[in-house]
Amino acid sequence: MDIKEVMAARHSVRQYKSEDISDEERIILDEYVRKLNEESGLHIQIIYNETECFMSRMAKYGKFEGVENYICMVGKKADKDLEEKCGYYGELLVLKAQEMGLNTCWVGLTHGTTRSEVEKDEKEVIVISLGYGKTQGVPHKSKSLYKLSNLTEYSPEWFEEGMKAVELAPTAINQQKFFFECLDNNRVSARAVGFAAYTKVDLGIAKAHFELGAGKENFTWA
Ligand SMILES: Cc1cc2nc3c(=O)[nH]c(=O)nc-3n(C[C@H](O)[C@H](O)[C@H](O)COP(=O)(O)O)c2cc1C
């Protein structure tokens, strides 16, 4: 599967089989987390075999079932880009898990207390459930690419490819509150629109998808 197929195959999955993530798989995931933490300065942690976090009333309300593993997106409170970074690097990890045959769901609200280590100067921004899904989930409805960007029939092909990948990105309550603009000299700007919850996390997720769809070599962020 190439990365575009991985993005297309990913959907939120909230019900999981009781199948362990193997030691070999853990090694791959933990090494990837180590690399992402080194690059980003985040303190991402994967908690394995912990069932209590998703036994809370909130988690049941959110229809979560059988969650035994989850990813905690933690970083420095002082980092002004913390939310966007959590979205960007968390989605890279989500896509890695998907590529390995695992399933995920970003979870802002509908979870209980996590077992992550959060230092005094750190904050846990969001959680991602992880495991073997009972299903593969279903594709979400999307706003038109013409509403999400300044795409026209004259836009470069890489911009259209980037936006097709953005369309597949998960967002809180599927809100897709962002706008991507193709500027001169192969520059692209991306911004959150409005003040709803998690728009900065959503923006980071969408930017990761855009880079993977468009190809980093074809443009620079404005
Ligand atoms: C930042 C963020 C927060 C989310 N929070 C929750 C949540 O608290 N509970 C939940 O059930 N789903 C949550 N989701 C999952 C979204 O509902 C889901 O991604 C969206 O409906 C699109 O569907 P898809 O992921 O299947 O493409 C969240 C997603 C994102 C990106």
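Two residues count as in contact if their C-beta atoms, placed from the backbone, lie within 7 Å. Helices (H or I, at least four residues) and strands (E, at least two) are DSSP runs, numbered from the N terminus. What you have open is a predicted model: local features need pLDDT of at least 70, side-chain atom pairs count only at pLDDT 80 or more, and totals for chains, interfaces and linings use all residues. Residue numbers start from 1 along each chain as its sequence is written.

**Stop 1: the two domains**

Colour 3-131 as domain 1 and 145-221 as domain 2; these bounds come from an automatic or database domain assignment. Their C-alpha centres sit 23 Å apart. Across the boundary, 17 residues of domain 1 are in contact with 17 residues of domain 2. On the domain 1 side, α1 (3-9), α4 (82-99) and β4 (122-131) each give two or more residues. Which of these gives the most? Pick α4, with eight residues. By class, that side has nine nonpolar, three polar and five charged residues. Here Ala, Val, Leu, Ile, Met, Phe, Trp, Tyr, Cys and Pro are nonpolar, Asp, Glu, Lys and Arg are charged, and the others, Gly among them, are polar.

**Stop 2: α4 against α7**

Keep α4 on screen and add α7 (199-214). The axes of α4 and α7 come within 6 Å and cross at roughly 45 degrees. Axes are lines fitted to C-alpha atoms, for helices over the stretch in contact, and angles run from 0 to 180 degrees between N-to-C directions. The angle makes α4 oblique to α7, where under 35 degrees is roughly parallel, over 145 roughly antiparallel, 65 to 115 roughly perpendicular and the rest oblique. The crossing of α4 and α7 is right-handed: the near helix is turned clockwise from the far one by less than a right angle, whereas anticlockwise would be left-handed. To see the contact, show side chains including Glu83, Tyr88 and Leu92 on α4, and Lys200, Leu203 and His209 on α7. The residues there divide into seven nonpolar, three polar and seven charged.

**Stop 3: α6 against α7**

Now select α6 (residues 157-167), which packs on α7 at an angle of about 140 degrees with the axes 7 Å apart. This pair is therefore oblique too, and the crossing of α6 and α7 is right-handed. Trp158, Phe159, Glu161, Gly162, Lys164, Ala165 and Val166 in α6 meet Ala206, His209, Phe210, Leu212, Gly213 and Ala214 in α7. Count by class and you get eight nonpolar, three polar and two charged.

**Stop 4: α2 against α4**

Go back to α4 and bring up α2 (residues 23-40). How do the axes of α2 and α4 cross, and within what distance do they come? They cross at roughly 160 degrees and come within 11 Å. That makes α2 roughly antiparallel to α4. Look for Leu29, Tyr32, Val33, Leu36 and Ser40 of α2 touching Lys85, Tyr89, Leu92, Leu93, Lys96 and Ala97 of α4. This contact has eight nonpolar, one polar and two charged residues.

**Last stop: the ligand**

Finish by selecting the ligand and the 22 residues that surround it, each with its C-beta atom, placed from the backbone, within 6 Å. The closest are Ser12, Trp106, Gly108, Pro170 and Ala172. Each of the two domains supplies at least three residues of the shell. β3 (103-107) and α7 each supply at least two. The shell has 11 nonpolar, nine polar and two charged residues.
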